[in-house]
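Reader: Could you take me through one part of this model, please? I would like a close look at how a pair of helices packs together, with a little context around the pair.

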Amino acid sequence: MTVNSQNITKSDTVAWVNDKMLNDKAADKIIKNTAPFKPDPNKAVLYSAIFPGLGQIYNKKYWKLPLVYGGFLGLTYAITWNGRQYSDYTGAYKAIMKENPRDAENTRIWGPFIPRGKNPELLTDGEIATWRNRFKRQRDSYRRYRDLSIIGAVALYGLCMIDAYVDAHLFDFDISPDLSMRVEPQVQNDPFSQRSFGIQCSFKF
């Protein structure tokens, strides 16, 4: 059977070309979809810089999210609580350091920080000096804890970025689970001496 080339119109040729292009695109899409996932380290660190934890989600390391968000929640609470205590003790220290610390206006601020049953207006000068030192130590301690919590939050933020970057680089790193040790006897033949026996240990990584 012969096909007359005149019967093949231009529209048929265009339709055939379009169908072939569509089939090629579909095949390329299938190949791309079935290709193994390989994260981009630059994208991973960028996502982690935008919001902590996004880099780990991009790398599909979902088990790290509780560690990341748990750490940030704990540090946020520490910053808030220590900051509030620092502010309270700063106000109490300023009030008790005034010229007349026994005034009602001043005792209203620092009085709640002394044990119950003691009247702040009846404290002696020695007791006032003792509480001044305590308030100063407490204020400095809470300020140090607040600052350390802030430093910890910044360090955790940077650690998340580094972790996302390293995870993306080592995503397809082959780590063999086969770690074994083999012990077997060995016989050594020495032409100048007698035959010797020993034990050979071999490790497989």
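Author: Happy to; here is the whole chain in brief, then the helix pair, then two residues.

This is a predicted model, in which local features need pLDDT of at least 70 and side-chain atom pairs count only at pLDDT 80 or more, while totals for chains, interfaces and linings use all residues. Residues are numbered from 1 along each chain as its sequence is written, and side-chain values use heavy atoms, with hydrogens and water left out.

The protein has six helices and two strands, where helices (H or I, at least four residues) and strands (E, at least two) are DSSP runs numbered from the N terminus. Along the sequence the order is α-α-α-α-α-α-β-β. Of its 205 residues, 23% are buried; buried means under 20% relative accessible area, exposed over 50%, and partly exposed in between, with a 1.4 Å probe and protein chains only.

Now to the pair you asked for. Two packed helices are described by the angle between their axes and the distance between the axes. Helix α4 (residues 65-96) and helix α6 (residues 125-169) have axes that come within 8 Å and cross at roughly 155 degrees. Those axes are lines fitted to C-alpha atoms over the stretch in contact, with angles running from 0 to 180 degrees between N-to-C directions. The crossing angle therefore makes α4 roughly antiparallel to α6, a label for angles over 145 degrees. By class, the contact between α4 and α6 holds 21 nonpolar, eight polar and five charged residues. Here Ala, Val, Leu, Ile, Met, Phe, Trp, Tyr, Cys and Pro count as nonpolar, Asp, Glu, Lys and Arg as charged, and the others, Gly among them, as polar.

Ser-149 gives a view from within α6. With a relative accessibility of 8%, Ser-149 counts as buried. Leaving aside residues up to four places away in sequence, Ser-149 touches Leu-75, Ala-78, Ile-79 and Asn-82, a contact being heavy atoms within 4.5 Å.

For the surroundings, turn to Arg-102, in the loop between α4 and α5 (104-110). Arg-102 is partly exposed, at 28% relative accessible area. Although Arg-102 and Pro-120 are 18 residues apart in sequence, their C-alpha atoms are 6.6 Å apart in space. Pro-120 is also among the residues that Arg-102 touches, beyond those up to four places away in sequence, along with Thr-107, Glu-121, Leu-123, Thr-124, Asp-125 and Ile-128.

How values were computed: Angles under 35 degrees count as roughly parallel, over 145 as roughly antiparallel, 65 to 115 as roughly perpendicular and the rest as oblique.
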